[in-house]
Each structure stands twice: as structure tokens, then as C-alpha cells.
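Let's take a look at the charged side chains here and how they pair up. The sequence and the model come first, then the walk-through.

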Amino acid sequence: MAYETPWMNDPSKLNKMELWKIEKDGLDVIRTIIEKYALEGYDSIPEDDMNRFKWAGVYEQKPRDGYFMMRIRINSGVLTTAQARALATIGRLYGRDLIDVTTRQAIQYHWLRIEDMPDIFKRLEEVGLYSYESCGDCPRTIVGNPLQGIDKDELMDTTALVEEVNDFFLMNREFSNLPRKYKMSISANIYNNAHAEINDLAFTPAVKEIDGEQVIGFHAWVGGGLSAKPYLAKELDMFVRPEEALKVAIGVTTLFRDHGYREKRHHARLKFLVADWGPEKFQEELLKLIGDMPTKGTSKTVGWQAAYFDGVHKQKDGRNYIGMNVPVGRTNSDELEQLCDIADQYGEGKLRTTMSQNIILTGVKDEDLEAALAAPVFQRLTPNPKPFMSRTVSCTGNEFCNLAIVETKVRAVRVAEYLDEHVQLDEKIRIHFIGCPNGCGQKHIADIGLQGSLVKTPQGTVDAFDIAIGGILGPDATFNKPLKGRVKGDDVAPVLAQLIEFYKEGREENETFHAYVNRVGVPAFQEKLTGILAAASAAG
């Protein structure tokens, strides 16, 4: 390591993972996978290197019997069809055709074997893709505006900037040993479609008059994150020109690396350092590293569209993009190849993934729209989804994840289908499912967030969910508030239907769910839920 390691002053205070990282850098496991474990098999992998697999973008899949999950980095979600076809081929050869779009715009596989890893790495590299550092205590995939370059609502095209920041950090051993995972967001879209407030470091669009000229740039945010103790990122008093974004990113990441907490894994994210220091001290320490910066300009974030793009919409170049719904992010190799065929024949040869677990097909001319939309794949991955299915998000759940305690994907689809059948509503309500407190399904920012739990019944322990309401990002960002009363999994759909009917009956004209929660208050929903659960209990 070329940099100093102040956390090594007293190794006795480091957690076990920190000691493992000192013994062997996480990036070194990639070569070990290729040269040793892929040849010797699953049983040859020791515990310490199994934990380092994260740096290769790989986790053990439940129930730890030889299969793995892998995430693929896709900066801002933009894929060429050559890349997407390679992903489809890998899914077909090694992943049982299963392909998931994640809430960080990544592609995720399951059912991979250790013997398959070298060929997967090779196939990815051939098309300029990598799984490396999509997991682990390092800078992970940079999320951003999936419409970068074609977006009529962006202040600038952030494509080159995202690539610059990604290229600096990817496989950079100066930053491959951070206290915990580290997530960045870069977008110039005025509707915050890269979820700035829940990232460790985020850049959002802003302008500032400098030397008589209005300059387009960014404001910087630090210390956001979800999990069991969620924090909204804090905005620094700083205006960042595009050419200075990398410098700021290096400075923030250096502070995290050198001053972040390494004693307890659950207290090691940047959000805890920012919370303890406060944004003022954090900025003071940052400026010591990067030099003076202009103060804030004028924010250009005007709202939040929650990264939803369903339907056919105009690009700034006059062509069209098709935003389709991928139910809870789950697709397959055949569907991905069909989308590639459409993108090559009628579009610009690109697909784009979103933080809402969906896919966008771009660059379709007006005269080609009818033919493109007639493709059979759009019957399931429809650009005109039903309201509840269109806004339902889910983490992986206990089907594959060792941390999740309940199943989420299948249940989320069934709940959405139930609500679309039983509730008529012109307002689209965002419903997110997570299977554990880690929050990969981002339940904290949903209108209605559901977190998996367990409850004892006379018939035994069954899946259940805790409900929280009223989350939103953007100018009025707030996490949703929990309701008391655990709901059995099989009762989630009818219970949500009654809560949504409560909103429907009482709302004012054009009042959103979030606005209604703010107006009537969480206690009103609590009273309603308590009554629903009491009635269900009385009915047996």
C-alpha cells in the first residue's frame, strides 16, 4: 500500500474483516479464483477468501451449497447491445437464464459455479464489462441518469464524467480497502433520478455565476445510506465544476478511507462519520485535501420522479425512448436478446437500466415506433403497465440471499396483481419489499415500504411484514415512518388495499400519497391499520 494506514496504529481494535483485508487485498482474490478455486472447486475455498469474493462481485447464494450470485457494474445503467447480448449469453450458459435488474442499475446473476468464473470474467471483459468491485469494501457501481446524453431534463451530459470517475476508482488499490461499501451517484437530471440522498457521495445539478458567467456544475452530498440506521445525505456548501468532480470524489473517498470506523462492521459506513463530524467539519477536512472551492450555487433539482420512465417519450434529439416495466426487476436471457434485436433494428443499439429495476430502449424514430412496439417481448415487459405493478420494487429475498428471512420477489408480484385487480386509483403508489434490514429494495424511500419479519401463529412461524409509510426523495426528502402491527405475509395484499382505500377516500384533488400522509399524519394510518388487524383477528 502506497498510502498511510492510520487505522493500523492499534490493530487490536479492528474487526475480523479488517484483519483479513490487511492479510490480503480484496482485489487479489480475483486472480486466486481464476488460478486456484476454479480448478480445485468449491470445497477448496476458505472462509477468509470467501469473504473476499465480494471484490470480484460475487456472493455465496443461499443455502451455501456451491452456487453464487454475481453483480455486473453498469455505469448509469447504459449498455450497448453487444454488452447486453454477452450478458444474455452468460445467463443462458451459467445462470439458468435468470437475470435481475437491481436498484443500483446493475445486472445480477444466480446459480453460478466457481468453475464458471474464469469464462464469465473473460466474456465480460471482451465487451468492456466487469463484476469487479460491484460488491465489497470499495467504490461500487456509480449510479446515474440512465437517459444521460438524450435527456431533455438534464443540465449536461454526464456520460464522460461518470466514466472518468469510474475509471479512476475501478481496481485502484489506493481505495480497495475502505471501511465498508461506498456508493456514488452522479446525475444532472433535475428530477433526482439517481437518488442522491441515499448515497455516500452524490453530485446533483446546480448553476452558479462565476466571473459574470453562469456555470453549470453540481452540488455535492455526503453520508447517505439505508440499512437498519438510515441517513439522508448532507449537502455541502460547495459548487463543483464538472472538471473538479473527480477531485472532490477522491477527497471524500480519502476521508472515508483514513477516518472511517473500522472497529464494528455495522458502524463503518461513511454516514456514521458524517453524522459524528457534521457536514461543516467534514467539508473543512475535505478542503484541507482538495483546496478551496466556491460556495454553493443554485440547485436545479425541482422534484423526484423516482427513476420511473414507463411509456414512450421524446428525447432531446427528437427521437423516442421506450420505458418498459420489468416486474420486480426479473427478466431472462431470451427477453434481453429480444430487446437487443429491437434496439439494433429500430433504436440506437443501446439498452438502459434504471434504479426502479426497469429497462429503457432508446433512439427510436417516430416512423419506427409502431413496428418496434409490436414486438412480442413488450407484452410482458410492457411500456404501459398496470399502476401497482409499475411501481412495485423488491429485493432478492430469501430465495437466494443468505441475509433475507422472507421471500419477496414472488410475493411482491402477487401483491401488485391483487391491488391492480381490487383497487381503482389514478395515482401511482410506490411499494417496496425488502427481506431483511439491509434495505437493498430501498423500502425507506417508498410510499409504502414493507420489511420482512417472522411472526408466531398457532400453525407455527410464518412470514410477516412491518409496514412504513410516506417516504420520498428530492427537495422534501424524508424516510417513511413505521406503523406498529406486524402483518402476516398472506394478508399483506388485502391489508394494503384497505390502507390505500383509506387514502383514496380521504384525499383532496390530485393529492399524492406522500402529501396525504403529511396532512393526516401517521397516527391516522396507525389507527386504520390497528382496526384492520383487530378485525382480522376477531374473524379468526
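Which residue forms a salt bridge with Arg123? In this predicted model, the partner is Asp119, with the closest N and O atoms 2.6 Å apart. Both residues sit in helix H5 (residues 117-126), and because they are 4 residues apart there, about one helical turn separates them. As for solvent, Arg123 is partly exposed at 29% relative accessibility, and Asp119 is partly exposed too, at 24%.

That pair has plenty of company: searching the whole structure turns up 44 salt bridges. Here are three of them, with their N to O distances:

| Salt bridge | N to O distance |
|---|---|
| Arg123 and Asp119 | 2.6 Å |
| Asp153 and Lys152 | 3.5 Å |
| Arg241 and Glu244 | 3.5 Å |

Now for the surroundings of the other two pairs. Lys152, which meets Asp153, counts as exposed, with a relative accessibility of 56%. Is Glu244, the partner of Arg241, buried or exposed? Glu244 comes out as buried, since its relative accessibility is 15% and the cut-off for buried is under 20%. Arg241, on the other side of that bridge, is partly exposed at 22%.

Salt bridges can also link up through shared partners. One network of this kind joins Glu18, Lys21, Asp137, Arg262 and Arg265.

Key: Residues are numbered from 1 along each chain as its sequence is written. This is a predicted model: local features need pLDDT of at least 70, side-chain atom pairs count only at pLDDT 80 or more; totals for chains, interfaces and linings use all residues. Side-chain values use heavy atoms; hydrogens and water are left out. A salt bridge is a side-chain nitrogen of Lys or Arg within 4 Å of a carboxyl oxygen of Asp or Glu. Helices (H or I, at least four residues) and strands (E, at least two) are DSSP runs, numbered from the N terminus. Buried means under 20% relative accessible area, exposed over 50%, partly exposed in between (1.4 Å probe, protein chains only).
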